[in-house]
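I opened the file to look up two things. The protein–protein contact is one and the protein–DNA contact is the other.

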There are 2 protein chains.
Amino acid sequence: MSSTHLSIGDLSRATGTKVETIRFYEKNGLLPQPGRTQGNYRAYEPAHLNRLSFIRRARDLGFSLDQVRALLTLSDDRSHSCAAVDVIARAHRDEVERKIKDLQSLKTVLDQVIESCHCNIVADCAIIESLAPASQGS
Amino acid sequence: MSSTHLSIGDLSRATGTKVETIRFYEKNGLLPQPGRTQGNYRAYEPAHLNRLSFIRRARDLGFSLDQVRALLTLSDDRSHSCAAVDVIARAHRDEVERKIKDLQSLKTVLDQVIESCHCNIVADCAIIESLAPASQGS
DNA sequence: CTTGACCCTATAGCGACTATAGGGTGTATA
DNA sequence: TATACACCCTATAGTCGCTATAGGGTCAAG
């Protein structure tokens with residue numbers, strides 16, 4: 001591969017993204033199709049590397065691929081208002097916040113259930129009992 | 001459906017589980033195959049309802065289907081030691097704990113990113129910038 | 001000239017459902 | 001009796017974000 005072009009393996013190493021994942025991003029319209037070498041290898045420009053880095057960072061922050069797609073589109077129009085960016089980021093933060101709360105109340109219940117078990121056999125197990133509070137017909 | 005047998009719709013309403021999900025549980029070995037009516041409708045016993053309730057409670061607590069399967073097997077052998085139950089429950093709690101921590105640090109970053117944005121256009125947007133820190137080639 | 005690292009496409013699998021297509025059953029009412 | 005309608009059936013494909021596999025082609029070094 002020439003000095004100015006990068007192979008898919010180069011992008012993979014540079015961003016810590018699996019090769020298959022890069023092809024997956026291309027197929028799903030997140031990464032534009034690069035040129036090809038004579039041997040039909042993908043030949044990326046530095047711009048592709050930037051874009052892939054962007055995608056990875058956004059994914060690391062938990063944005064969905066749809067959100068990443070939207071962020072990429074917005075970031076391409078540099079004169080556009082960034083209000084839409086803010087909306088996406090805040091929606092995602094709210095979602096994360098909600099998940100944290102859900103998991104915290106879940107953990108509270110799990111803690112209670114686990115702590116209540118001081119038994120030896122399943123017939124007396126408080127964990128099992130908490131799952132099947134009605135009389136055990138099965 | 002006779003007075004002692006329940007239709008799939010009955011189980012659905014009683015447990016708040018979609019009909020398709022009940023069939024899915026059956027196909028995946030969580031719920032035993034019920035008898036059938038003359039018209040080939042599933043005819044459930046009360047024991048099925050108990051089992052489905054168990055599954056739903058465990059799922060609500062975030063146990064995976066594999067974990068639920070294991071818990072069901074354990075709960076069927078009522079004379080068995082409940083140590084294995086404890087192991088599954090604690091493993092799941094630890095997992096939930098880890099997820100909470102991950103999401104909390106994620107939220108911290110998202111908060112910082114969102115708070116840092118006081119701009120009007122994408123070119124100056126701190127959110128976009130935090131995603132693409134290198135010079136924008138694309 | 002062969003080895004081995006790398007690349008290609010196409011397709012199937014994961015988990016836990018959900019949705020759809022294309023039918024059959026059972027009951028209440030006109 | 002006809003028909004409308006709620007309910008049930010099976011089989012298959014779709015969701016999300018990859019990951020893995022099969023079955024090949026390319027390219028540089030030894």
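Before reading any distances I fixed the term: a polar contact is a pair of N or O atoms within 3.5 Å. I also noted that the model is predicted.

Entry 1, phosphate contacts of DNA strand D. I started with R23(B), where a polar side-chain atom lies 2.6 Å from a phosphate oxygen of the strand. That separation is within 3.5 Å, so I logged the pair as a polar contact. I then checked R42(B) and found a polar side-chain atom 2.8 Å from a phosphate oxygen of DNA strand D. For L65(A) I recorded a backbone N or O atom, at 3.4 Å from a phosphate oxygen of the strand.

Entry 2, elements facing DNA strand D. I listed the elements that give two or more residues to this surface: α2 (19–27) of chain A, and α1 (8–15) and α2 (19–27) of chain B. The largest share, 3 residues, comes from α2(A).

Entry 3, the surroundings of DNA strand D as a whole. I counted 18 residues around the strand, and those that come nearest are Y41(A), R59(A), G9(B), R23(B) and R42(B). Sorted by class, I have 6 nonpolar, 6 polar and 6 charged residues on this surface. Which part of the strand faces the protein, sugar or phosphate on one hand, or bases on the other? Of the strand's atoms within 4 Å of the protein, I find 79% in sugar or phosphate and the rest in bases.

Entry 4, extent of the interface between chain A and chain B. I get 58 residues from chain A and 58 residues from chain B in the contact. The buried area comes to about 4900 Å², and carbon and sulfur atoms give 71% of it. On the chain A side I noted that R78(A), V122(A) and L131(A) lose the most area to chain B, together 14% of what that side buries.

Entry 5, polar terms across the same interface. I find 4 salt bridges between the two chains. One of them joins R93(B) to D111(A), with the closest N and O atoms 2.9 Å apart. For residue pairs in polar contact, both at pLDDT 80 or more, I have a count of 10.

Entry 6, make-up of the chain A side. I noted that α3 (46–60), α4 (65–76), α5 (83–115) and α6 (126–131) of chain A each supply at least two residues to the side that touches chain B. The largest share, 19 residues, comes from α5(A). By class I recorded 29 nonpolar, 15 polar and 14 charged residues on that side.

Conventions:
Residues are numbered from 1 along each chain as its sequence is written. Chains are lettered from A and ligands numbered from 1 in the order in which they are written. This is a predicted model: local features need pLDDT of at least 70, side-chain atom pairs count only at pLDDT 80 or more; totals for chains, interfaces and linings use all residues. Side-chain values use heavy atoms; hydrogens and water are left out. Contact means heavy atoms within 4.5 Å. Buried area is the accessible area (1.4 Å probe) that two parts lose on being put together, summed over both. A salt bridge is a side-chain nitrogen of Lys or Arg within 4 Å of a carboxyl oxygen of Asp or Glu. A polar contact is a pair of N or O atoms within 3.5 Å; within protein, one must be able to donate a hydrogen and the other to accept it, and residues adjacent in sequence count only if both atoms are side-chain atoms. Helices (H or I, at least four residues) and strands (E, at least two) are DSSP runs, numbered from the N terminus. Ala, Val, Leu, Ile, Met, Phe, Trp, Tyr, Cys and Pro count as nonpolar, Asp, Glu, Lys and Arg as charged, and the others, Gly among them, as polar. A residue is near a molecule or strand if one of its heavy atoms lies within 4 Å of it.
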